[in-house]
Structure formats: structure tokens, C-alpha cells
Amino acid sequence: MKILTAAQTREADAYTIREEGISSTDLMERAAKAFTGWFENKFQPGAEVHIFCGPGNNGGDGLAVARLLHERKYKVQPYLVGDISKASDDFNVNLKRLPQALSPIHVEQESAIPEFNSDACVIDALFGTGLNRAVTGLYGQVIEKLNSSGATITAIDIPSGLYADSQTPDEGAVIRASYTISFELPKLAFLLPQHEPYVGEWHVVPIGLSQQFIAEVKSDLYCTQQEDVQQLLKPRRKFSHKGTYGHALLLCGGYGKIGAAVLAARACLRSGIGLLTVQVPQAGYPILQTAVPEAMTLTDKNRKHLSELPQEMEKYSVIGIGPGIGTERVTKTTIGQLLATASFPIVIDADAINLIASSEKLKGQLYKRKLIFTPHPKEFERLVGKVKNDYDRLQHLREFCLEYGCYVILKGSHTAVGTPEGKVYFNTTGNPGLATGGTGDVLTGIITALVGQQYTLEEACRIGVFVHGLAADLALQTIGEISMTASDVIDSLPSAFLHLTQPLP
Ligand SMILES: NC(=O)C1=CN([C@@H]2O[C@H](COP(=O)(O)OP(=O)(O)OC[C@H]3O[C@@H](n4cnc5c(N)ncnc54)[C@H](OP(=O)(O)O)[C@@H]3O)[C@@H](O)[C@H]2O)[C@@H](O)CC1
Ligand SMILES: [K+]
């Protein structure tokens, strides 16, 4: 699914109206019906619903929603905020369509807003994609009052005051919604962690915008959804054997962190790799052999740390390196040797990222290699320097991928996959249960397995982060967020792959 800017969304609206012979009023009605459909499933008709409408088409949506909810027996009170003498045409059409029983309250000062019951619902229809400056003055005061009212706020299209695709100025007030119901496509702002307090739980409802326009419009930003991953996954062939699915090498684990190698290895095997060799420091040998009998185990000459590459490197199709390896000098030297010699793809995680980030020499060896980095935000900052905000982080992500021609999986609540072509794919699975030690090691194992099976690096990144999040979502059902461990995510990988390859009817 593509992500469009606010300007492109307005163009999509205009194109749909022009090319598909639908009036803008009818498109607004579709949007209002789509919103109302979601709202009715969420809130019972007994609830008081206070709908705050601004002067543009977002306000027009609010007025149409007021009429539709009134018809469905909700106790609706519309508010017209500020100067509506220059309101949009469709706002005025929907103002006229309000039934007699609904008389709107004009809010010219914030004191005109009554106190709400604690179970009241507020619908925010002040501003949508037409927001063109920070919200201050009366609108800002109204937003602050609604935020502190204690009512459950549901935003139409986007929380008012939030910029859809660029940094919202600090001085602007922004609605803090519990729910945001967006039309047709998600906005970039919803995918960035800094906006969680404003956007709340978000959903997209279709309103029939032109699919042709959406297919043709240029955007480098995408959401990866289940259908995408189902199309990317290749069935295993009847006449295949273990050699068909690659031979992965994991260079993971260090004294006290052999568990990281166990987790990465188990996840790699559960993600379809044909053969797996794990090299661990001597201290890890009995542990690996016992915990992961399916993996072949090599030992490093060093008892505690990664200090050498195995023999016969040419037999591997992919390497995963980093989980638990530590930051010893000798390990850094080994990474340098790996970058200098390996011709196959390398998945680089954890301390391998930290070691590369700390060395200009190692960074200089990254060019023209087939590399996937899997940093969390702190590791990413070690690679690229301090970032100012989530948009700045995204910019750095694209620049880093372009400069080094590599892939970066920037982990977070909507993990972002950056590609060398400047594209970014946001993931749509996962939950806060993943915020626990070892889940990153699991992701390294999954991605390594997928690269080993000859998926392109882009496919491996997109499938891998989706499956990892899906496994956590499936584990949620029986284990919950609080108790979830990295091993639970591995244990749910089979269900996640089954879910994707044999969708239930
Ligand atoms: N078109 C369609 O077919 C469909 C559109 N849809 C809906 O339309 C929404 C977009 O509507 P929109 O383009 O009218 O813009 P919207 O966000 O309502 O605001 C514009 C108004 O706000 C004003 N204004 C802006 N910033 C301000 C500020 N900081 N402080 C104060 N004022 C400010 C600006 O005034 P001005 O800049 O002229 O002073 C103008 O009056 C979209 O999100 C979706 O909900 C759906 O129904 C689907 C069909
Ligand atoms: K809104």
C-alpha cells in the first residue's frame, strides 16, 4: 500500500471527482458513511457525541457524520468553530442538510464548550489534509480544551493540528485522539513513533478514491501488508532438497550471551533455511549442540569472543553476524576480514553494527556489498549521528541506504525497511510484547534464513519483519504483551508462516 502526501491525497480526491464522474459532495458522503460504519461498531447509540467542525471539508465530513449518527439514534451535538463565513462549499451543503433537531453551537470562544460527561465521545473534524499552518488562537484553545476534557476523541481523517507528512511546529496545538479513522490510505505521520500520543489507534476505511491515480502517483513510501507478503512468499518445490534452501552461517554469541546465538539459530531454522552452521566461541559449543541439534556448530579458537572466520567460507550463501558478539578489538578485526572477503549477502546486527559505526575504516568497506543492517534507533544513531526527530531519522535512513547501496531495517513499532533506491517500506505487524531482550536476535535469524533461500534482499527484509511481527501478534493471543519472550516469538513462527501460506477461509 502506498503512502501519499497531503497534497497527493488532495489530488487523488480531485482526480476521482473529475475522472470517475462523482460529485465532491457525494465523495464526502461516502467518506462520512465509511467513518460512521466504523464508529457504530465501536460506540453504542446511547453515548453523547460532540462533533467539532472546522471551516473546510474536514468540517463538512463532521456535519455529514452528525446527520448520519443522528439518523442512527446517537445523541449528537455539532459545533461550528471559528469564522465559518468562508467555509467550503461542501461544508455549506452539509450544514443545510442537518436535520432541524440538530442545532449547531457556534464556538467563537472556547468558553462556549460545555463540560462533558465522562463517557462522552468527541469527534474531531476541525482540520484534515488542508491544514496549512500551526494551529493557534481560538482553534488552539478549543483543541487544548478537548484534550483535557477526559472525553474519548475520535479524529476524522487525521488528528487536527497534526501535519500529515512533515514535522508539526512546536507552537501548534494538536488533538490527542484515542482513535483516528483515515480515508483510503494511512498518512505518513501515523507511522512515526513521536505521534503515538496524537494518533492513538488508527484505521483506514476505503472511500473509493481512484485506484488508477494511486497506482500511477509517484511515492517512495509504502506499508507492507499481508497480501503483499503472501504474494512474495514462494512455495517449497516438490523436487527440492536441503541444498535448495541455502546454507547459512551465523556468527553470533559471546561469553554470557550464547543465548543470542541460540535464539538466532532457532529462528533461522524455523524460517526455512536448508542448512545452518553456527560458529560460537568455545564456551558456547555444548550449549549450541544441546539447544539447537539441527544446527552444525563450529568453535572459534577464542573461548569467549568471535576472533576468526571459519574455513571454506565459499560454501555459505548468507551470513548473519552480530547478536551477542560483544565489542572486543579482535572481533572488530574479524568483521574487517569478513567485509574484505565475503561475496555473499551479510545480515549485520547488534554489536556488529556498533563496531562498524565506531570505525571509519570499516565504514569504508561497506560500499558495493550486499548488506542488510538491522539496527534499533540507538544503534542507528551510532551509524548516522544524532537525529532531531522521526522525519530527520527517516531522511538519514534514506541517505544511508543510498550512500552505501545497502538495506536498513530500522526497528520500531512500525519497523521501516530502507532500500538502496530510496524506498521505505513500513511494517504493519507487531506489538509492544516485542520490546524485550532477544527479539532482535530472532529477527536476524529470520532475515538470514530468507536471504539464504534466494529471496531478494528487499523481499527478505519485507517478509522477515512482517513474519516476525505476525508471530508476536499470534503469541499475543495466548501469552499477552507482558509475558512475551523472544522464545515465544520463535514458537509462533510456524503459525505465522502457516497463516501466510494457508490463509483460513
Ligand atoms: N475533497 C474531497 O472530495 C474530500 C475530502 N475529504 C475531507 O476533506 C479534508 C480536506 O479538506 P480541505 O482541503 O477543505 O481542508 P481542511 O483540512 O478541512 O481545512 C481547510 C480549512 O482550514 C483552514 N485552515 C488550515 N489550516 C489552518 C490553521 N492552522 N488555522 C486555522 N485555519 C486553518 C483553511 O483556511 P485558510 O487557509 O484559507 O485560512 C481552510 O478553510 C480531508 O482531510 C477529508 O477529511 C473527504 O470528505 C473525502 C472527500
Ligand atoms: K480531523
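In this predicted model, strand β2, helix α4 (residues 89-96) and strand β3 make a right-handed β-α-β unit, and that unit offers a convenient way into the fold. Strand β3 comprises residues 105-107, and it runs parallel to β2, to which three bridges join it. Within this pairing, L80 has H106 of β3 as its bridge partner.

On its other pairing, β2 meets strand β1 (residues 48-53), and the two strands run parallel with six bridges between them. One position that fixes the register of this pair is I51, which stands opposite P78 in β2. Here too the connection passes over a helix, since β1, helix α3 (residues 57-71) and β2 make a right-handed β-α-β unit. Strand β2 therefore takes part both in the unit with α3 and in the unit with α4. As to its surroundings, five of the seven residues of β2 (residues 75-81) are buried, so the strand is largely enclosed by the rest of the structure.

Helix α3 leads from this sheet to a set of annotated positions. An unreviewed UniProt entry gives the annotation "binding site" to N58, D124 and S160; these residues are spread over 103 residues of sequence, yet they cluster in space, the largest C-alpha distance among them being 9.3 Å. N58 is found in helix α3, the helix of the β1-α3-β2 unit. With 26 other C-beta atoms within 10 Å, where 20 or more are required, N58 is classed as buried. Apart from its neighbours within four places in sequence, N58 is in contact with A125, L126, F127, G128, G130, I156 and D157.

D124, in turn, lies in strand β4 (residues 121-125) and counts as buried, with 31 C-beta neighbours inside 10 Å. Its contacts, again leaving aside neighbours within four places in sequence, include F52, I153, T154, A155, I156 and P159, as well as I175 and A177. S160, which carries the "binding site" annotation together with D124, is also one of the residues that D124 contacts. I156 appears among the contacts of N58 and among those of D124.

The surroundings of ligand 1 bring N58 back into view. The shell around this ligand holds 29 residues, of which the closest are G56, N57, N58, G128 and G130. G128 and G130 are also among the residues in contact with N58. Helices α1 (6-19), α2 (24-42) and α3 each supply at least two residues of the shell. Sorted by class, the shell has 13 nonpolar, 11 polar and five charged residues.

A further group of annotated positions lies later in the chain. Under "binding site", the unreviewed UniProt entry lists K411, G412, S413, H414, T415 and G440. They span 30 residues in sequence, yet no two of their C-alpha atoms are more than 14.3 Å apart, so they gather at one spot. G412 is placed in the loop between β15 (407-410) and β16 (416-418), and with 19 C-beta neighbours inside 10 Å it counts as partly exposed. Not counting residues up to four places away in sequence, G412 touches P193 and P377.

G440, by contrast, belongs to helix α16 (residues 439-452) and is buried, with 25 other C-beta atoms within 10 Å. Outside its neighbours within four places in sequence, G440 is in contact with D349, A350, T374, H376 and K411; the last of these, K411, carries the "binding site" annotation as well.

Two backbone details complete the tour. Most residues other than glycine have a negative phi. Against that background, E184 has a positive phi near 70 degrees; this residue lies in the loop between β6 (179-183) and α6 (196-199) and is buried, with 22 other C-beta atoms within 10 Å. E312 likewise has a positive phi, near 50 degrees, and its place is in the loop between β11 (296-299) and β12 (318-321). Whereas E184 is buried, E312 counts as exposed, with 8 C-beta neighbours inside 10 Å.

Note on methods:
Residues numbered from 1 in each chain as written. Chains lettered and ligands numbered in written order. Predicted model: local features only at pLDDT ≥ 70, side-chain atom pairs only at ≥ 80, totals over all residues. Buried ≥ 20, exposed ≤ 12 C-beta atoms within 10 Å, placed from the backbone. Helix = DSSP H or I, 4+ residues; strand = E, 2+ residues; numbered from the N terminus. Pairing = 2+ DSSP bridges. Right-handed = clockwise from strand over helix to strand, strands pointing away. UniProt positions renumbered as here; feature names shortened; annotations may be inferred. Contact = placed C-beta atoms within 7 Å. Near = placed C-beta within 6 Å. Nonpolar A, V, L, I, M, F, W, Y, C, P; charged D, E, K, R; others polar.
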